[in-house]
Every structure is written in C-alpha cells, then in structure tokens.
Amino acid sequence: MEFSALASVEIKILSGFLLTVSLLLFGGTYTYRTSVELADSVEWVAHTQEVRATLANLYGSLAGAELAQRDYLLTAQQVRLDEYAHLAKVVQDHLAELSRLTGDNPTQQRDWAALKSAVQNRLDEMASAVAAYQRYGLPAARAVLGQGGLSSGTEDVRIITERMDAVEARLLAPRQAAAAHVRRTTLISLLVTLALASAIFIVLFRGIHRDMRARRDAEHALRDSEQYNRSIVDSSPDCLAILTADARLSRMTSQGLRLMEVKDFGSIANTDWLEFWSGEDQAAARRAVAAALGGSAGRFQGTCPTQAGTPKWWDVIVMPIPGGNGETERLLSVARDITEVKRAEANLTAANRFLDSLIDNLPVMIFLKDARTLCYVRQNRATLNLLGLSRDEVIGKRDRDFLPAEQADIIQAKDREVLAGGRLVDIPEQSIHTRLLGVRTVHTMKMPILDEHGTPEFLLGISEDITERKLAEHAIRELNAALLAKAAQLEATNKELESFSYSVSHDLRAPLRAIDGFALMLVEDYRERLDAEGLRYLSVIRQNSGRMGALIDDLLTFSRLGRQPVAHGKVNVDLLVREVVEEVLHTESLGERGEAATAPHIEVEPLPPTRGDRGLLRQVWANLIANAVKYSSKAARPFIQVSGRQVGTENHYSVRDNGVGFDMEYAGQLFRVFQRLHRADEFSGTGVGLAIVHRVVTRHGGRVWAEGKVDHGAVFSFALPRGDQDG
C-alpha cells in the first residue's frame with residue numbers, strides 16, 4: 001500500500017513535470033524570440049549611448065590636453081607634460097573607437113572624417129607649441145599658438161561633435177521606443193509562463209514542500225558549519241593535521257605546510273605521523289595517539305625537524321574526531337611552534353644562572369627581603385659567610401631571628417624608612433652581630449624594588465664589610481699622629497744639626513786661616529833656616545789646611561741647602577748645562593790636571609726644559625760634570641756625554657763618562673756625606689758633592705741614582721717632575 005502511494009506520487013510528479021516542461025517549451029520559445037528582439041533593440045540603444053559618450057569623452061580629453069599643455073607652458077612641470085601626452089593619446093583612442101562605432105552610418109562617417117582632421121590639426125598645433133617651448137622658450141610657443149589661433153581648432157571639434165551627437169540623439173528616440181515595446185512583450189510572456197509554471201509547481205510540490213524545506217535548511221546549516229569550521233582551521237597559526245586511526249597523515253593546513261617547510265603535501269601524504277618523532281618524543285607521541293583513540297586528548301612537547309631540516313620545538317595536542325556512531329574515526333593533531341619560546345626560556349635560564357652565579361660570587365653582601373613581612377627571600381654567599389649561617393637558617397626569617405633585638409629593631413626601622421621613601425638610602429656605618437666573627441661594621445645601601453603598580457614588592461640591600469678598613473683607618477690615624485710627632489722631632493733635630501754644622505764650620509775658618517798663614521810666613525821668612533824635611537812638613541800643613549778649607553766650604557754649602565728656599569721658575573736646562581760645561585773646562589785647566597792629561601770631549605745632547613731653582617740646579621750640574629771630568633781624567637781619551645729625555649711625567653737627565661767607574665755594591669754610599677770610594681791621593685775631593693746633588697734633587701721632588709762598573713765608566717742620573725713648562 002505504501003508502494004502504491006509512492007508510485008501515485010511519482011506519477012503525479014512526472015505528469016506535473018511533463019506538463020510544466022511543455023508549457024515552458026512553448027512559453028520559452030516565444031520568450032526567446034521576443035528576447036532576441038529585445039536584445040537587438042537594447043544593443044542599438046546602447047550603441048547610440050556609447051557613440052554619444054565617446055564623443056563627450058573625446059571632447060573632454062582634448063580640452064584636458066589643452067589645459068595640461070598650457071599648464072606645462074606656464075610651469076614647465078614634467079608631470080603636466082606627461083598628463084598632456086597621455087590625454088593626446090586618449091583623444092586618438094577615442095577617434096579610433098568612433099570610427100568603429102559609426103562604420104554603419106555614412107553620414108556619421110563623413111562627420112567623423114571632418115572631426116579627425118580638426119582634432120589632428122589641433123593636436124599638431126599643441127605639439128608644435130610644446131616643441132617650440134622646449135627648444136626656444138615661452139615666447140616661441142606663444143607665437144606658434146598665435147599663428148594657429150588660440151581656440152579655432154577646438155571650436156571646430158566642438159561643432160562637429162555636437163552635430164554627430166545630434167544625429168545620434170535623433171536615432172535614439174525610435175530605438176528606445178522599439179526597445180520599450182519589445183521589453184513589455186517579453187515581460188508579459190515571461191510572466192505568464194512563469195505564473196503558470198509556478199502554479200503547477202506549487203500544486204505539485206505542496207505536499208512535500210515542508211520536507212524539502214527542512215532538508216534544504218539542514219543542508220544549508222551543514223554547509224555553513226563546514227565553511228565556518230574550515231575558516232577557523234585555515235586561519236589557525238598552528239600546524240593542524242588530520243590523521244587516520246592508525247596515525248597516518250591524510251591532510252594538513254596550509255599554515256602547517258609553511259611551518260613544516262613542506263612545498264608539496266603529496267610528498268608526506270599517508271606518512272606515519274609517529275615517524276616524525278624520535279626517542280622519548282616518539283614515545284610521548286605514541287601515548288598521545290593512544291589517549292586520543294581512547295576518547296580523550298593527549299598532549300606532549302618535543303622536537304621535530306622540518307622537511308628542510310630546521311630543528312623546531314612543538315607543543316602538540318592530539319584529539320579524537322568521532323564518526324556518526326560516536327567511535328573515533330580520525331585524529332586531529334594541533335602542533336604549535338614553540339621554538340622561539342624554548343630558545344627564550346633557554347636564554348633566560350642561562351642569563352638567570354649567570355646572574356645567580358655572579359651575585360652569589362660577588363665579594364659584597366647582597367640580600368633581598370619581602371617588602372611586606374621583611375623576611376629574607378634571597379641572599380648571596382658573602383652574606384651567609386659574614387653572618388656565619390646557612391641558607392636555610394636565613395630564608396624566610398626576619399632579622400630578629402638571628403640578630404640581637406636592639407640591632408634587629410634598628411635595621412627594620414631603616415628598612416621601613418627605605419620602603420616609605422621609595423628611594424635609595426645610603427647607610428655609611430652599621431654594626432652587625434655575627435655568629436663567628438663577632439661584631440662587624442658594614443656599609444649598606446638599600447632601595448625598594450617596585451612592582452608594575454609602583455608598589456614596593458621587595459627590599460634590595462647591598463652591604464660591604466668595612467671592619468678591616470675601619471681598623472686600618474684607625475691604625476693609620478695613630479701611625480700618622482706618631483709620624484707627625486717623629487717628623488716634628490726630626491725636623492727640630494735637623495735644624496739643630498744644621499745650626500751646629502754651620503757654627504762649627506764657621507768657627508773653624510779663623511784658626512784654619514791662622515795655621516795656613518803662619519805656615520806660609522815660615523816658608524817665606526825662614527826658608528834658608530829650614531832643611532828640606534822642614535819645608536816638606538810646612539807644605540803638608542798647607543795642603544791639608546787647603547783640603548780642610550774646601551771641606552768646610554762644602555759643609556757650609558750643604559748646610560745652607562737645608563735652609564735655602566727653592567724657587568720654581570722655568571729653567572732652560574740645555575743652556576744651563578752648556579754654561580756649566582764651559583766653566584768646568586775652563587777651571588780644569590791643563591796646569592791643574594797635569595801635563596800628560598788629555599782634555600775631555602764633552603758631548604751635550606738636546607735637553608728638555610724643566611721648572612725649579614736655576615741656581616741650585618746649576619750646582620747639581622756643576623758637581624756631576626766636574627765629577628765626570630775628574631774620574632775620567634786617567635782615561636786615554638776622556639769622553640763625557642750629557643743627555644736628557646721625557647719619560648711619562650718626569651724629565652730624566654744623565655751624565656755618562658768612561659772613567660774609573662765604581663763597584664755597584666757600594667752604590668748606596670755615593671750620595672752620603674763624606675762617603676768616598678777612592679783614596680784622596682788618587683782623586684781629590686771632600687765627599688760632599690754628590691750629597692749636595694742628592695739634597696737639591698730631592699728638594700725639587702725628584703730622585704737620583706747611579707750605575708757603574710769598575711774601569712768601565714759610570715752614569716749618574718736624576719729625574720725631575722715635568723710640571724707645567726708653559727707657566
């Protein structure tokens with residue numbers, strides 16, 4: 001019975017379709033014929049409108065070309081010239097289009113020929129004016145425009161275009177009327193056909209309309225859902241892949257292909273997805289697939305290289321895709337590229353590890369407290385070593401937990417002050433009681449660490465143990481006080497010694513002169529009464545009196561150097577040394593040095609200037625050069641070299657000779673008073689000259705030294721501060 005009803009419905013549907021098809025064939029044939037006529041009419045109307053529009057565009061483009069040409073002639077702007085050239089070409093294109101559109105109208109073709117001639121003449125005039133302007137300037141362009149008439153060519157174009165437009169306008173009215181008639185006929189036939197067909201369809205399908213509509217709505221909803229889901233999947237920034245139940249690739253999004261650097265999905269289609277992973281990551285991927293097949297999502301993180309070999313980190317979620325029966329038919333893999341995150345985490349971990357190591361190994365104490373509770377949350381090794389506590393004994397504790405209450409209260413009060421002020425606070429000295437080292441003195445700086453809202457979150461402290469420094473400072477102060485007392489005592493003693501030396505030397509002069517004078521009187525008045533031995537005794541007395549006088553003079557000079565103020569003026573050392581050399585050579589005459597002695601050759605190199613007391617420095621140079629001349633006098637060819645150079649903040653000066661030299665073992669005695677390394681019968685002298693050199697140089701803030709070797713000469717050097725040579 002159901003089959004019969006179904007067959008009856010099918011017969012009715014088939015009959016209805018046959019009737020509808022017949023009606024549509026008849027109505028469609030008639031409608032087609034009228035539609036063809038309508039199309040022809042509409043085409044002629046459109047043709048007329050196109051001719052008129054082309055005429056208007058041609059005239060407008062020509063006017064625009066004239067305007068662009070004039071602007072170019074007035075402004076010489078290349079953009080106006082380019083616009084003019086473009087519009088001139090557009091005018092030519094419109095002429096060609098008009099020729100095509102009016103090819104079926106002889107009258108319009110004659111007018112087109114006239115229009116072409118007028119347009120070409122106007123374009124030629126404008127081109128000539130532009131060429132004249134580019135070659136000879138604006139006056140030439142005006143002359144060219146004046147010869148052709150400023151607007152006669154454009155006026156001819158306007159007249160011809162208006163005439164052609166009028167012809168098209170006359171043709172437009174009957175064509176529009178014919179088109180309207182055909183349109184009405186076509187519309188009526190179409191409406192009648194559609195009305196009959198619609199009535200048949202409404203009657204035929206009224207019974208199944210509800211089912212068809214429900215099915216259509218369901219299909220639309222499904223299509224919309226699929227499109228929506230596809231748009232979500234395609235717009236995902238992750239690598240999305242559809243896997244079969246046995247974990248083989250069946251599809252991958254375009255974004256996934258880009259992330260995996262896959263050019264053609266066919267190269268990886270149907271590949272075992274688990275083979276993309278290796279080692280522990282493959283085992284984790286296998287567990288995620290098993291979880292998805294069991295109906296829940298599986299997740300893991302692992303490394304998987306792209307097809308190009310680029311290593312990448314992925315955060316992967318595998319989810320089940322159930323079928324119609326609720327069983328898992330396929331799997332969805334969502335893999336997010338976390339390579340940069342992992343790299344940033346590694347860099348951050350390395351940076352934190354480096355900072356932790358740096359902070360923990362700094363020699364100063366660094367600690368961090370919670371701003372609310374003032375409990376320690378972090379401290380470095382130096383802090384723990386000073387306190388004598390382990391990290392577990394400090395973390396989470398307050399100062400009161402391991403410091404005396406009075407000290408802890410002072411520290412916490414200062415902490416509250418820092419947090420309330422919101423700025424760095426410097427605590428120069430603070431006493432801390434430690435477990436192993438007793439009470440220590442620390443220099444501490446504290447500052448608040450703010451959160452994103454500007455509220456103190458932590459308190460940072462940096463402390464330095466200055467106990468040893470404070471003890472050293474105390475010891476230095478005591479030592480300085482002792483040294484000052486010793487210096488005052490030494491200064492008083494030196495003054496007494498200098499005064500004594502001066503007094504003794506001065507008082508010895510009178511009896512010494514008397515001895516020498518009486519010895520001379522005996523030689524002169526009683527020579528005939530004295531034998532040779534007596535005369536020799538008197539000669540020895542006089543020689544020793546002279547040596548004693550020289551010694552007293554040197555002692556007086558040495559004593560005066562301790563009291564004489566030192567001037568600080570600019571000294572031309574080069575000129576000073578040359579004066580001293582000349583004086584020494586004159587003093588060391590041949591008679592004094594012996595007939596067999598050879599005059600020394602003294603070479604003076606350029607010497608840098610300095611600042612000091614010229615008279616005292618002259619004494620230094622005189623003593624050094626005289627010593628060099630004296631101790632090189634026994635050389636076959638005495639040679640003395642005087643040199644100087646700038647070394648850092650000092651000027652170094654040297655006097656080198658090729659004399660008898662000295663043993664470096666006794667170099668420390670050279671600059672002491674009365675210290676001589678040679679006998680008086682070998683070389684004359686009092687042993688005070690180098691002591692004078694040492695005193696003068698040291699009073700100038702310099703230093704003096706000597707180098708030598710027995711029978712290989714000696715070098716005496718001294719250094720003076722450079723100071724400001726321009727002052």
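Helix 14 passes helix 16 in a right-handed crossing, a crossing being right-handed if the near helix is turned clockwise from the far one by less than a right angle, and left-handed if anticlockwise. Helix 14 spans residues 573-587 and helix 16 residues 614-631, and the two pack at an angle of about 50 degrees with their axes 9 Å apart; axes are lines fitted to C-alpha atoms, for helices over the stretch in contact, and angles run from 0 to 180 degrees between N-to-C directions. That angle makes helix 14 oblique to helix 16, since under 35 degrees counts as roughly parallel, over 145 as roughly antiparallel, 65 to 115 as roughly perpendicular and the rest as oblique. Among the residues in contact (heavy atoms within 4.5 Å) are Leu576, Val580 and Val584 of helix 14 and Leu617, Trp621 and Ile625 of helix 16. The contact divides into 12 nonpolar, no polar and 4 charged residues, where Ala, Val, Leu, Ile, Met, Phe, Trp, Tyr, Cys and Pro count as nonpolar, Asp, Glu, Lys and Arg as charged, and the others, Gly among them, as polar.

This is a predicted model, in which local features need pLDDT of at least 70 and side-chain atom pairs count only at pLDDT 80 or more, while totals for chains, interfaces and linings use all residues. Residues are numbered from 1 along each chain as its sequence is written, and side-chain values use heavy atoms, with hydrogens and water left out.

A second helix pair is formed by helix 2 (residues 78-101) and helix 3 (residues 106-136), whose axes come within 11 Å and cross at roughly 165 degrees. Helix 2 and helix 3 are therefore roughly antiparallel to each other, and helix 2 passes helix 3 in a left-handed crossing. The contact includes Leu81, Tyr84 and Leu95 of helix 2 as well as Trp112, Leu123 and Met126 of helix 3, and its residues divide into 13 nonpolar, 5 polar and 1 charged.

Turning to the sheet, 5 strands form an open arrangement in the order 2-1-5-4-3 with antiparallel pairing; two strands pair if DSSP finds at least two bridges between them, and helices (H or I, at least four residues) and strands (E, at least two) are DSSP runs, numbered from the N terminus. The edge strands, each pairing on one side only, are strand 2 (249-252) and strand 3 (298-303). Strand 3 pairs with strand 4 (residues 313-322) in the antiparallel sense over 6 bridges; Phe300 stands opposite Val316, and Arg299 has Ile317 as its bridge partner. Helix 8 (residues 279-293) lies across strand 3, strand 4 and strand 5 (328-337), running at about 160 degrees to strand 3.
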